[in-house]
Amino acid sequence: MSVKTLPEAPAVTDPPRRRFTPRGVPHAGLIAVLAVVVVFTAVRSDTFATDRNILNILGQISVNAVLAAGLTLLMTAGGMDFSMGSNVAVTAAVAARLIAHGHATPYAVVVALLLGTAIGLVNGLVVTFTNVAPFVVTLASATLLDGVALLVHDGNTLSVGQHLFTFGNDKVLGVPYLLVVAVLVLLATGLAMRFTVFGRDAFAIGGNEHVARLSGIDVTARKLTLYGLTGLLSGLAGVMLLARLGSSSPGSTAGLSLQLAVVAAVVIGGTSLAGGHGTVIGTALGLVLLGVVANALNLLDFSSNYQPVSVGAVLLVAAVANEMHKARSARR
Amino acid sequence: MTPVVRVRAVTKSFGGAAALKGVDLDLYPGEIHALMGMNGAGKSTLVQILSGVHQADGGTIEVDGQAQHGLTVRRARRLGIASVPQRRELAMGLTVAENVLLGDLPTRGRTVHWKTVREEARRALSSLGIDIDVERTAGSLTVAEQTIVEVAREVRRGGRILILDEPTACLSARDANRVRALVRTLRDEGVAVVYISHYIDEVMAVADRLTVLRDGTVVRTAPAADLDPAALVRAMTGRDVVSRRAERPTPKDEIGLSVRGLCDGRAVRDFSVEVRKGEIVAVLGPAGDAQSRLFDLLSGRRRPESGELRVDGTPVPFGRIPASLAGGLRCVTGDRRTLGLIPGLSVDENLMLAGDRFTRRRLHRARDLARRAAPLRHTYGVVSLAGNPPVGALSGGNQQKVLLAKWLQTEPVACFLEDPTNGVDIAAMADIHALVDDLAARGTAVLLASSSAEEVVRLADRVLVVSAGRTVAEHAVTDITRDELVATALGGQPQ
């Protein structure tokens with residue numbers, strides 16, 4: 001049987017082709033901004049364009065990258081996890097405490113990963129089985145976990161000495177271990193989003209949850225998996241942070257401030273807060289942009305107080321640019 | 001009399017594809033001017049140019065004899081051109097009064113003067129003969145009332161050229177009559193009304209003049225009295241659309257789908273139906289009646305109070321989507337926007353969304369997907385301009401075909417179709433009817449929920465008429481004429 005609307009219309013259309021017009025390049029605006037910042041800083045500072053400095057930048061964003069990868073996938077599926085940074089604080093503190101109390105390092109790492117996953121699953125359970133918005137649920141758990149981290153520290157800085165030092169500071173073929181882990185996680189997430197049905201389910205759920213459910217996708221299981229995954233990656237990031245710093249201190253760099261930097265990177269990368277759209281490449285560009293800006297401020301001798309100012313400004317500019325790009329492509 | 005709007009030789013193309021190829025249109029005050037045409041004929045583009053959303057590539061637009069270049073939304077509004085889109089644009093949490101006066105709330109000092117708000121809103125509504133309590137919230141109104149409030153708001157703002165895009169789509173006969181009465185009042189007040197509708201009978205009843213568009217050109221402009229429905233269809237399609245009852249093999253004796261004693265509140269009361277394999281049974285009722293609840297109940301989105309469902313003789317539990325799907329029942333929604341398709345995903349992904357999940361695929365490759373989707377596009381006649389665009393970019397008819405293909409390719413035992421030709425043009429409607437015929441001919445039990453008597457007469461073997469939640473009649477379709485059917489359902493179709 002064959003049905004055609006119009007006799008002359010082709011029933012089967014041309015195979016999909018990508019057009020690489022200047023406007024069609026994905027993330028063109030983001031790449032342009034990044035290029036401007038890089039060129040500007042490289043001209044003003046001799047140290048910027050050295051191997052050492054570039055590795056330094058990438059090393060600093062490794063922890064954020066692991067978190068941002070998970071968040072990209074979750075936000076594409078229409079979810080939100082505001083507690084990843086606080087999850088990092090708790091898992092890092094727990095791992096540090098275990099090691100400081102003489103437990104074996106692998107044991108502490110496994111506990112950290114399991115703890116992170118468990119926290120993520122709890123978030124997932126609350127989100128899927130109540131109708132509370134994920135933003136609210138995870139904001140609550142973020143605050144709660146920040147407090148738990150303080151309790152675990154009990155006012156002391158927990159040092160892990162030389163344990164985990166290799167993982168945090170050594171290099172393989174000139175590339176830091178942490179960066180290798182971050183790139184692997186980003187790559188795996190990107191491939192999963194593009195080439196697995198699991199990843200496409202995330203797009204479907206974020207695009208229209210009702211339709212996804214009616215099409216036979218087990219939305220509840222998928223969401224639990226996604227929240228579990230962001231939890232697991234938070235645990236991993238906790239171990240990475242601990243390895244890099246060698247200690248975990250109360251009120252450290254983790255917590256909500258880390259979370260905000262991660263959300264900023266993902267949003268700068270063009271992932272939709274409403275779900276249904278997101279790319280890991282965009283997230284990676286967002287991470288690099290934030291890392292480069294922070295580094296540039298440092299090299300150009302700005303006070304570190306300008307750091308949050310710059311993150312906020314970059315986020316605002318990128319969000320506006322994304323919206324304008326979306327409006328323009330919708331009109332065409 | 002001079003036209004209030006005079007459009008001459010307007011052209012517009014989008015990325016090389018010509019949407020309008022030199023269109024002329026005259027609108028006079030105090031007339032209802034129907035704009036007819038199939039999906040993609042250029043109606044929306046023309047309307048968007050009039051209301052300033054798009055700018056014409058060539059040609060002229062004169063309002064009150066003054067040429068308007070570079071018409072923007074704001075300029076158009078100042079000139080009194082107002083448009084009421086298909087989707088309601090009211091602030092649902094605010095009251096009717098606030099919505100009517102939105103952006104122009106009367107104040108005393110710097111605070112809103114609520115008494116004046118209510119009085120002004122009441123005056124605006126009653127001057128158009130509308131009886132709606134202005135203190136209700138917009139969200140609590142029926143769709144028809146929302147349309148009416150929106151029209152009243154535009155008129156109060158000084159709209160004298162009013163564009164209505166399918167104002168009666170998805171309305172029951174009584175509600176549609178209310179909207180049409182309002183439109184006639186507007187005409188008598190001297191407003192020029194541009195009326196877009198798919199319902200031919202409705203257009204013949206309400207319009208003073210008609211303009212028929214096809215492929216971006218005006219095929220015909222004439223007083224409505226000079227045209228009959230058959231001529232109108234010919235003008236729209238360029239051919240006589242053949243959508244007559246097709247011969248199908250006699251249904252088998254096995255029962256494919258049986259529903260017994262289905263109850264859900266006041267909407268569905270003790271509904272029972274048995275559909276044999278290869279048979280099409282229609283449930284006809286006024287829009288919003290029992291038949292429009294069946295999708296939620298049968299698909300498993302909502303658990304009924306009581307009832308029993310059997311597919312191919314096997315009991316299927318209610319209230320669980322996976323159970324419904326596993327039982328071999330496929331439910332195709334009539335609301336493709338919110339329950340049918342994912343607009344941001346590509347045509348191919350939408351086509352294979354359910355099928356790939358049933359076969360438990362793990363990997364996803366675009367080229368592989370395109371290869372599997374190609375025969376579906378061909379069989380179901382899905383036409384897209386460029387490759388594999390997001391499904392949201394397709395015309396309504398094509399979206400509907402994607403939706404049908406998505407579900408019917410999975411070779412269901414039983415199939416529930418809800419308004420399968422909702423908001424599609426006549427040619428696409430004929431195609432979809434042929435697809436449904438073919439589905440039944442392959443031995444699927446088809447339950448069809450519809451609010452269109454024509455569609456029921458065209459497709460069904462038997463028809464159940466529901467009203468106020470109850471089954472009021474059952475007929476073999478050959479025993480009853482369309483008019484009798486409409487009479488039984490009491491105004492199932494806007495007329």
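Here are some friendly notes on this predicted model, one topic at a time.

1. **Chain B as a whole.** Let us begin with the overall build. Chain B contains 17 helices and 22 strands. Its radius of gyration is 24 Å, close to the 23 Å that the globule rule gives for 495 residues, so chain B is as compact as a globular protein of that length. If you draw a box along the principal axes, the C-alpha atoms of chain B fill roughly 70 × 50 × 50 Å. Of the 495 residues in chain B, 52% are buried.

2. **How chain B is divided.** Look for two domains in chain B: domain 1 covers 5-237 and domain 2 covers 255-489. Taken over C-alpha atoms, their centres are 32 Å apart. Among the contacts in chain B with a separation of 6 or more, 69% join residues that are 24 or more positions apart.

3. **Chain A as a whole.** Now turn to the other chain, where you can find 13 helices and 4 strands. The radius of gyration of chain A is 21 Å, and the globule rule gives 20 Å for 332 residues; the two values are close, so chain A is as compact as a globular protein of that length. Along the principal axes, the C-alpha trace of chain A spans about 80 × 55 × 35 Å. Buried residues account for 47% of chain A. Of its contacts with a separation of 6 or more, 80% are between residues 24 or more positions apart.

4. **A covered helix in chain A.** Helix α8 of chain A, residues 197-207, is mostly covered, with 9 of its 11 residues buried. Among the buried ones are R200(A), D201(A), F203(A) and I205(A). What do the buried residues of α8(A) pack against? Within chain A, the partners are α2 (51-76), α7 (177-195), α9 (209-214) and α10 (219-245), and chain B adds α12 (347-358).

5. **Two packed helices in chain B.** Two packed helices are described by the angle between their axes and the distance between the axes. For helix α14 (residues 396-408) and helix α15 (residues 426-441) of chain B, the angle is about 10 degrees and the axes are 10 Å apart. Angles under 35 degrees count as roughly parallel, and α14(B) and α15(B) are therefore roughly parallel to each other. On the α14(B) side, G397(B), Q400(B), K401(B), L404(B) and L408(B) take part; they meet A428(B), I432(B), L435(B) and L439(B) of α15(B). The residues of this contact comprise 6 nonpolar, 2 polar and 1 charged.

6. **A glycine in a loop.** Find G37(B) in the loop between β3 (32-36) and α1 (43-50) of chain B. Is G37(B) buried or exposed? G37(B) counts as buried, because 24 C-beta neighbours lie inside 10 Å. Setting aside neighbours within four places in sequence, the contacts of G37(B) include K43(B), V212(B), R214(B) and M236(B). G37(B) and V218(B) are 181 residues apart in sequence, yet their C-alpha atoms are 9.4 Å apart in space.

7. **Two positive phi values.** Finally, check the backbone at two residues of chain B. A9(B), in strand β1 (residues 5-14), has a phi near 50 degrees, a positive value in a residue other than glycine. With 13 C-beta neighbours inside 10 Å, A9(B) counts as partly exposed. D419(B) is not a glycine either, and its phi is positive at about 35 degrees. D419(B) sits in the loop between β19 (414-418) and α15 of chain B, and it counts as buried, with 23 C-beta neighbours inside 10 Å.

Technical notes
Residues numbered from 1 in each chain as written. Chains lettered and ligands numbered in written order. Predicted model: local features only at pLDDT ≥ 70, side-chain atom pairs only at ≥ 80, totals over all residues. Axes fitted to C-alpha atoms, helices over the stretch in contact; angles between N-to-C directions. Parallel < 35°, antiparallel > 145°, perpendicular 65-115°, else oblique. Contact = placed C-beta atoms within 7 Å. Nonpolar A, V, L, I, M, F, W, Y, C, P; charged D, E, K, R; others polar. Rg over C-alpha atoms; globule rule 2.2 N^0.38 Å. Buried ≥ 20, exposed ≤ 12 C-beta atoms within 10 Å, placed from the backbone. Domains from an automatic or database assignment.
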